[in-house]
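Okay, thanks for coming, everyone. Let me put the structure up, and then I'll talk you through how it's put together.

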Amino acid sequence: MAALGFALEGCAPTTAKPQLAPKRPQLRLPPVNISYDRIIRTTIGLRPHRPSGFVLKADKLDGKTLIHNFGHGGSGMSLSWGTASMATDLALPHTERKAAVLGSGVVGLTSARELQRHGFDVTIYAATVPPDTTSNMSLAGWTPTSGLVDNQLRTTEWDLQVRQAARIAYRRLQLLAGSHYGVSWIKQYQPTDNDPSTPNPNPNPNPILPLELQGPRVVLGPGEHPFQTRYCVERDEMRIEPSIYLDALMTDFLNWGGKVVIRKFASPAEIATLSENVIVNCTGLGAKEIFKDPELVPLKGQLVVLIPQAEINYGTNGIGRQLPPDSGFVHMMPRSDGIILGGTSIRDNWSLDVEEKERQRVVDLHIELFNSMRSARRT
Ligand SMILES: Cc1cc2nc3c(=O)[nH]c(=O)nc-3n(C[C@H](O)[C@H](O)[C@H](O)COP(=O)(O)OP(=O)(O)OC[C@H]3O[C@@H](n4cnc5c(N)ncnc54)[C@H](O)[C@@H]3O)c2cc1C
């Protein structure tokens, strides 16, 4: 014991307990240069939301197989490879290898590619093609549960579907990482004054997704990050650049012998006149009118885009302080086509006009965030 005591004493500091030093050197992040005169465009998109979640099922239409794959809310860019793969599984029992895909947003394009990969000769019929789709108007990060479902309307069957879709999509998107498809990993920072390592007193007993599909996270403590808050949560997240991604998907589709027909459908009866006997419905919000879906409702989204800044290679979530309950969360995502500021979601609003008050809210909150970050760096 004496020997041990000696040994311990020999290692122990002789002064009082040292002050808690930052564990890691302060992270240096260049702030976004944000002002109204740097705005280059404001875009609007209507997310196709269904309170009970997306529809993914096989139906019959005048003896044809009609597979529905629509209603992905604010999660379509994330989930589409998953639901496309599952829609293709529903098509495979059919003996024909000729299919029509209705819609040319991300859900239609990924469904068409999955069908081609399984030997189908595919024609896309769509009222509009990229860049004129909602998919082009998305932010678009890995947000597989955003605006997707009203929790109390979830069913066990639907939960199984969304979990399977997310698993497939998470892996598939990772394999597309690189400049060709515009998919990449990026660090996201969420400044906060609440200690994120404190256990949540009211955890969701049945979260939609398992933790492993949300990416790793690290909590940065005081002195370790450039924000005004005590803490900051750092996450690795996938980012998709919609213009690059959708163009690349369309090019792949055409290179594999796919055809595109510009056509708008008004009713199932019109769809039934198509020559294909396997039809996959990926019309997003358009399905409301064609199939009289009573649930589909738009969640109006708006993005304010600033001139690109090549040195910004991180995103932010929130601004570190509690926002009023009636105002939405805000976030920033840098892309090669601009610095994207988002956070708008207005239920049941079909207008494609810019929401000026909302635009100011989102820009002003980000001015507050990045200005305070600059002064944090100076001290
Ligand atoms: C501001 C904003 C931010 C978003 N951020 C994210 C994000 O970070 N991550 C994420 O995963 N998702 C995000 N989303 C959601 C995502 O964009 C949607 O879930 C996705 O685009 C839905 O894809 P879709 O192919 O079903 O619909 P769409 O892209 O709308 O495509 C529908 C297709 O169907 C065609 N069509 C419609 N009606 C008819 C008809 N009657 N006849 C013929 N063709 C028809 C259209 O022309 C179009 O080709 C965001 C959306 C917005 C608006």
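One bit of vocabulary before we go: I'll say two residues are in contact if their C-beta atoms, placed from the backbone, lie within 7 Å. And keep in mind that what you're looking at is a predicted model.

With that cut-off, 26 residues of domain 1 are in contact with 34 residues of domain 2. So who's who? The domain assignment gives domain 1 as 25-50 + 186-196 + 212-240 + 296-379, and domain 2 as 52-182 + 241-295. Their C-alpha centres lie 28 Å apart.

Which strands supply the domain 1 side of that boundary? At least two residues each come from strand 1 (39-49), strand 8 (231-240), strand 11 (297-306), strand 13 (331-335) and strand 14 (338-342). Strand 1 gives the most, with seven residues. By type, that side of domain 1 splits into 13 nonpolar, seven polar and six charged residues.

Now the core. The largest nonpolar core has 78 residues, and the ones with the most contacts inside it are Ala 99, Val 101, Leu 102, Val 280 and Leu 341. Domain 1 and domain 2 both give residues to this core, so it lies between them.

Let's zoom in on Ala 99. If you skip its neighbours within four places in sequence, Ala 99 is in contact with Ala 91, Leu 115, Phe 120, Val 122, Glu 276, Val 278 and Val 280.

Leu 115 takes us to helix 3, since it is one of that helix's buried residues. Helix 3 covers residues 106-117, and eleven of its twelve residues are buried, so it is largely enclosed by the rest of the structure. Other buried ones include Val 106, Gly 108, Arg 113 and Glu 114. What's covering them? Among the elements doing that are helix 2 (76-91), strand 4 (98-102), strand 5 (121-126), helix 5 (242-255) and strand 10 (278-281).

Quick geometry check for the sceptics: at 1.5 Å a residue, helix 3 should span 16 Å, and its end C-alpha atoms are 16 Å apart, which agrees. After the helix comes Gly 119, with a positive phi near 95°.

Stepping back to the whole protein chain: we've got eight helices and 15 strands, and the C-alpha trace spans about 90 × 60 × 40 Å along its principal axes. Buried residues make up 41% of the 379. And of the contacts with a separation of 6 or more, 78% are between residues 24 or more positions apart.

Definitions and conventions
Residues numbered from 1 in each chain as written. Predicted model: local features only at pLDDT ≥ 70, side-chain atom pairs only at ≥ 80, totals over all residues. Core = buried A, V, L, I, M, F, W, Y, C linked by C-beta atoms within 7 Å. Buried ≥ 20, exposed ≤ 12 C-beta atoms within 10 Å, placed from the backbone. Domains from an automatic or database assignment. Helix = DSSP H or I, 4+ residues; strand = E, 2+ residues; numbered from the N terminus. Nonpolar A, V, L, I, M, F, W, Y, C, P; charged D, E, K, R; others polar. Expected span 1.5 Å × (residues − 1).
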